[in-house]
Every structure is written in structure tokens, then in C-alpha cells.
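Hi everyone, thanks for making time for this. I'd like to walk you through one protein model, starting with how far to trust it and then looking at a few spots inside.

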Amino acid sequence: MSTTTKDNTAPAASSPKPKAWLLDLVLLGALWGASFLFMRIGAAEFGALPAAAVRVAVAMLFLLPLLFLRGHGAALAQHWKATMAIGVLNSGIPFALFCFALLTINSGLAAVLNATVPMFGALVAWAWFRDRPDGSRIVGLVIGFAGVALLASRSAGLHADAGGHAALWAVLACLAACASYGLSASATRRYLGGVPALATATGSQIGATLFLALPALWFWPTQMPSLRAWLALLALGVACTGLAYILFFRLIASAGPARALTVTFLVPVFAVFYGAVFLGESITQWMLICAAVIVCGVALSTGLVKLWPRASPPAATSPPRPR
């Protein structure tokens, strides 16, 4: 991205400090990459719905004190219906779907599929706001979904005891979660514009907690999960959800939405690394090839990379002036 300056003597301090936002970007990618590791550990003992419910409940308890300390309680009270409803879309449903998928597929594969979120966001924005993508972005959508199809065509990234049909359902669950993320982004744009980010984040976790409470109690495991599973969900709720939300909104404010969006490329890298190191997950050549195809599709569909430069509008012509 390039910017033009009207005055070449403008002080360099006016530009954002690269080191500050780059550190936030890498840290956010590390946190969200770890979420797939912790979800797999927690879901294995809690089950999908209870694991997702504990995650959002912990995040809610973490964010609520911060909300009142920063004086955003009134904003949440004013917009509680919208924030809680959107919380079902941006947390309740996708967290449960990813936990379900991770009972079958590895954390690295789930993170690669999660990279399609911006593509679903572009599709929803196209349908909802008539925000039609240009030719380069449409090509990116086609490439990205082709990468997903290639990834799903082989049993790569499965648990040892998982079958092909279970893998298909797991992949579909991940894609449904990504579609829910994309829908929630447009809903947030439509109904929560101007609402403080901390109020939106807290309200969404409250809504997700209420949404998952009864199903989680119904499917609560009969045997008490281990301390390892509890610690995984605690880290998932505090670090990968509550803290990550704050970090993400700070990144948007300091570096802009376009740069913040590039965290999509870092999350699978960290998730694959964590899965290989801590869970012994195998990384196949086919997964890497498909991941590269998906990342290329995301880069094009979000406009971060263009196949051809956008033509600048023609300069307005004026009648010749007398000299």
C-alpha cells in the first residue's frame, strides 16, 4: 500500500510505527493459531457444545470487568439485543462447529479452512450490501474455494480413527462456521456501527453464552474432564478470545482494517506449528499445496493483492485556456 504526501517535508513521526502494529499482528496470529490447539484438547474430553460454552463463558467473565472499568456499560445496555444476537453468529455457532470438526480433523487443517472467512465475508457483503467485488476479487473467490475442494478431496489431516464420511462432515462444519463469521461481519457493519468495540465484544460473548448454556448442560460429560482440558479451555477463553478481541480492535485502530486482515495468513502457520509440536500432527505435502492455493485466493478476494491495477479515472478535460 502506498500513500501520497502533499508535503515532502512532513515529519516521519506522522506515519504509524511499524514495529508496534507488527508486534500486535504477530501476537494476534499466535493467539488465534493456539485457539485450534486448545479447542482440540478441550473438545476431546468435554464434547463440542460444552467446550464451546465454557470458552465463551470464560471470555464473558474476563471482558465484563474491563467493560465497566472503561465506562462502556451504557453502550452495552443500549445495544444489548443486537450485540447478543450477533454473538450467536460470531461466537456461539462457529465455536461449536469448530469444536465438532476438531473431533475428527487436525488443528492445522481446521485453521487452513478458517482462512476462508474473508472470502465468505466478501460473498455476504456482495449479497447484502451489493458490494460487488471486481474481477480480481472474483478470481480470488474461485481460486480459494477450489483450494478448499482440493483439500476436502483427500483424507489429509484426519485423526487416526476417523473415516472419510466423518471428514466430510468436519470440513462442512468448518465452512459453515466461516460462513457464520462472514454473516456476523456484515451484521455488525449494519447494526453496530459506531458502538464501542469492547461493548460489542462483551455483548457478543454474553449472547453466545446464553445460546450455548442449555445445549452444553444437556451434553455435559458424565465423567469429569481432566485438569489439562480445563486449563486448555481457560486459556482459550481468556487469551484466545477475550485478550485476542482487545488486541484485534487495537490493531484495527493502529494499523487499519486492511493490515489487520492479514492476520488471516498468520493463523494457519501458527496452528500447524502448534499441532505438529504439541500434538504430533502430521503435515502432508497435499495440505501445504492446498493451503497455498487457499491463501492466494484469500489474498485476491480481499483485495490485498490484485491481478491487475485498478484503472485510474480519466482526468476531467477542460476547455483550453487563453495563454
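So, confidence. The protein has an average pLDDT of 83, and 85% of the residues reach at least 70; pLDDT is the predictor's confidence in each residue, from 0 to 100. Yes, this is a predicted model, so local features need pLDDT of at least 70 and side-chain atom pairs count only at pLDDT 80 or more, while totals for chains, interfaces and linings use all residues. Residues are numbered from 1 along each chain as its sequence is written, and side-chain values use heavy atoms, with hydrogens and water left out.

Where is confidence highest, and where is it lowest? Helix H2 (residues 48-69) is at the top with a mean of 96, and helix H11 (residues 257-261) is at the bottom with 67. Helices here are DSSP runs of H or I with at least four residues, numbered from the N terminus. Over residues 1-16, pLDDT stays under 50, and the model has four contacts there beyond four places in sequence; contact means heavy atoms within 4.5 Å. Residues 313-323 are also below 50, with zero contacts beyond near neighbours in sequence.

Okay, on to the largest pocket, with about 1600 Å³ of space. A pocket, on a 1 Å grid over the protein atoms alone, is an open set of points where a 1.4 Å probe fits, with protein on both sides within 12 Å along at least five of seven lines; lining residues have an atom within 4 Å of a point. The volume is the space filled by probe spheres set on those points. There are 50 lining residues, and the closest to the centre are Val117, Tyr181, Ala185, Phe248 and Leu261. Helix H8 (residues 164-191) gives the largest share of the lining, seven residues.

Now two residues to click on. Threonine 241 sits in helix H10 (residues 227-255). Buried or exposed? Threonine 241 is buried, at 2% relative accessible area, where buried means under 20%, exposed over 50% and partly exposed in between, using a 1.4 Å probe and protein chains only. Among the residues that threonine 241 touches, leaving out those up to four places away in sequence, are Arg55, Ala59 and Phe95.

Tryptophan 126, in helix H6 (residues 117-129), is partly exposed, with a relative accessible area of 30%. Beyond four places in sequence, tryptophan 126 touches Asp131, Arg132, Pro133 and Ile138. Its C-alpha atom is 9.8 Å from that of serine 186, 60 residues apart along the chain.

Conventions: Helices (H or I, at least four residues) and strands (E, at least two) are DSSP runs, numbered from the N terminus.
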